[in-house]
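Dear colleague,

I am passing on the structure we talked about, and below it you will find my notes on what turned up in it. Please read them alongside the coordinates.

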Amino acid sequence: MSASDTPPPASAGGSAQRVSNWNLPNVITVVRILLAPAFVWMLLADAGHDGPLRWAAAVLFVLAIATDGVDGAIARRNNLVTDLGKLLDPIADKVLTGGALIALSILGELPWWVTVVILVREIGITVYRFVVIRQGVIAASRGGKIKTIVQSVAISFALFPLWTVLGDWIFWVNGILMTAAVVLTVVTGFDYLWQAYKGRRARAAR
């Protein structure tokens with residue numbers, strides 16, 4: 001669910017109505033989090049045999065990660081954007097992508113250093129969000145959203161055993177996509193911290 005500047009809907013008397021946290025976009029986000037364990041189990045149960053469970057796990061990941069755009073669109077269109085949604089949405093993405101990266105590394109298909117670099121960035125930013133939550137929920141930036149999309153595409157290609165259909169050249173495509181995901185992860189992480197630092201300085205100067 002993306003950040004939105006859309007104000008909450010106004011009541012008949014002109015006052016703003018409080019949007020309930022128990023709305024459809026937030027429920028979709030929670031479901032995305034709950035799908036992560038099932039997806040990881042299916043991937044590990046296949047144990048690298050590239051069988052039906054592997055394909056099913058890859059499809060489940062794509063369907064789950066695709067709901068990110070769905071809940072955001074519903075929230076913006078119906079003025080259902082909430083602080084809880086802004087907080088849970090990036091966490092849901094991290095649970096899914098983190099689970100996929102760890103499982104791929106366990107299967108020996110992805111270097112552990114790639115998984116560690118991405119997880120350190122993602123967990124670090126998430127912890128920072130909680131630390132400064134009293135100052136307001138920090139929604140995902142545009143660069144962060146692009147990073148999430150590239151990560152999702154790279155992980156999806158890594159999950160689908162396309163080499164069994166298209167040949168070994170697909171490993172080059174997977175490598176290029178994962179490299180782009182790592183670079184964007186690191187760059188947007190530093191940019192996030194820099195923007196947060198500038199924001200703190202601006203508040204302190206008031």
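A question to begin with: are E122 and K94 buried or exposed? Both E122 and K94 are buried, and I come back to this pair below, after a few words on the model as a whole. Please keep in mind throughout that this is a predicted model.

The chain has 206 residues, of which 41% are buried. There are seven helices and zero strands, so that the order of elements from the N terminus reads α-α-α-α-α-α-α.

Helix packing

Two helix pairs are worth a look, and I give an angle and a distance for each, since two packed helices are described by the angle between their axes and the distance between the axes. Helix α1 (residues 24-46) and helix α2 (residues 52-77) have axes that come within 9 Å and cross at roughly 165°. With angles over 145 degrees counting as roughly antiparallel, this makes α1 roughly antiparallel to α2, and the crossing of the two is left-handed. Within α2 sits A75, which counts as buried because its relative accessibility is 0%; its C-alpha atom is separated by 8.1 Å from that of L24, although A75 and L24 are 51 residues apart along the chain.

The second pair is helix α5 (residues 142-159) and helix α7 (residues 170-204), which pack at an angle of about 155° with their axes 9 Å apart. Helices α5 and α7 are therefore roughly antiparallel to each other as well, and α5 passes α7 in a left-handed crossing. K147 is found in α5, and its C-alpha atom is 7.4 Å from the C-alpha atom of T188, with the two positions 41 residues apart in sequence.

Salt bridges

A search of the whole structure finds seven salt bridges, and K94, R121, E122 and K147 are linked in a network of them. Within this network, the side chains of E122 and K94 meet at 3.4 Å, N to O, and the pair links distant parts of the chain, with E122 in helix α4 and K94 in helix α3, 28 residues apart. E122 also forms a salt bridge with K147, where the closest N and O atoms are 2.8 Å apart; because E122 lies in α4 and K147 in α5, this pair ties together parts that are 25 residues apart in sequence. E122 has a relative accessible area of 2% and is buried, while K147 counts as buried at 3% relative accessibility.

Another of the salt bridges joins the side chains of R54 and D50, at 3.9 Å from N to O. Here R54 counts as buried at 0% relative accessibility, whereas D50, at 21%, counts as partly exposed; the cut-off for buried is under 20%.

Nonpolar surface

Finally, there is a nonpolar surface patch of about 530 Å², made by L44, I102, I106, W112, V116 and V120. Helices α3 (83-106) and α4 (112-131) each supply at least two residues of the patch, and the largest share, three residues, comes from α4. One of the patch residues, I102, is found in α3 and counts as partly exposed, at 33% relative accessibility.

With best regards

Notes
Residues numbered from 1 in each chain as written. Predicted model: local features only at pLDDT ≥ 70, side-chain atom pairs only at ≥ 80, totals over all residues. Heavy atoms only, no water. Patch = residues over 30% accessible without salt bridge, like charges linked within 9 Å, V, L, I, M, F, W, Y side chains within 5 Å. Areas by Shrake-Rupley, 256 points an atom, 1.4 Å probe, with all protein chains shown as cover. Salt bridge = Lys/Arg side-chain N within 4 Å of Asp/Glu carboxyl O. Helix = DSSP H or I, 4+ residues; strand = E, 2+ residues; numbered from the N terminus. Buried < 20%, exposed > 50% of the residue type's maximum accessible area, 1.4 Å probe, protein only. Axes fitted to C-alpha atoms, helices over the stretch in contact; angles between N-to-C directions. Parallel < 35°, antiparallel > 145°, perpendicular 65-115°, else oblique. Left-handed = near helix turned anticlockwise from the far one by under 90°.
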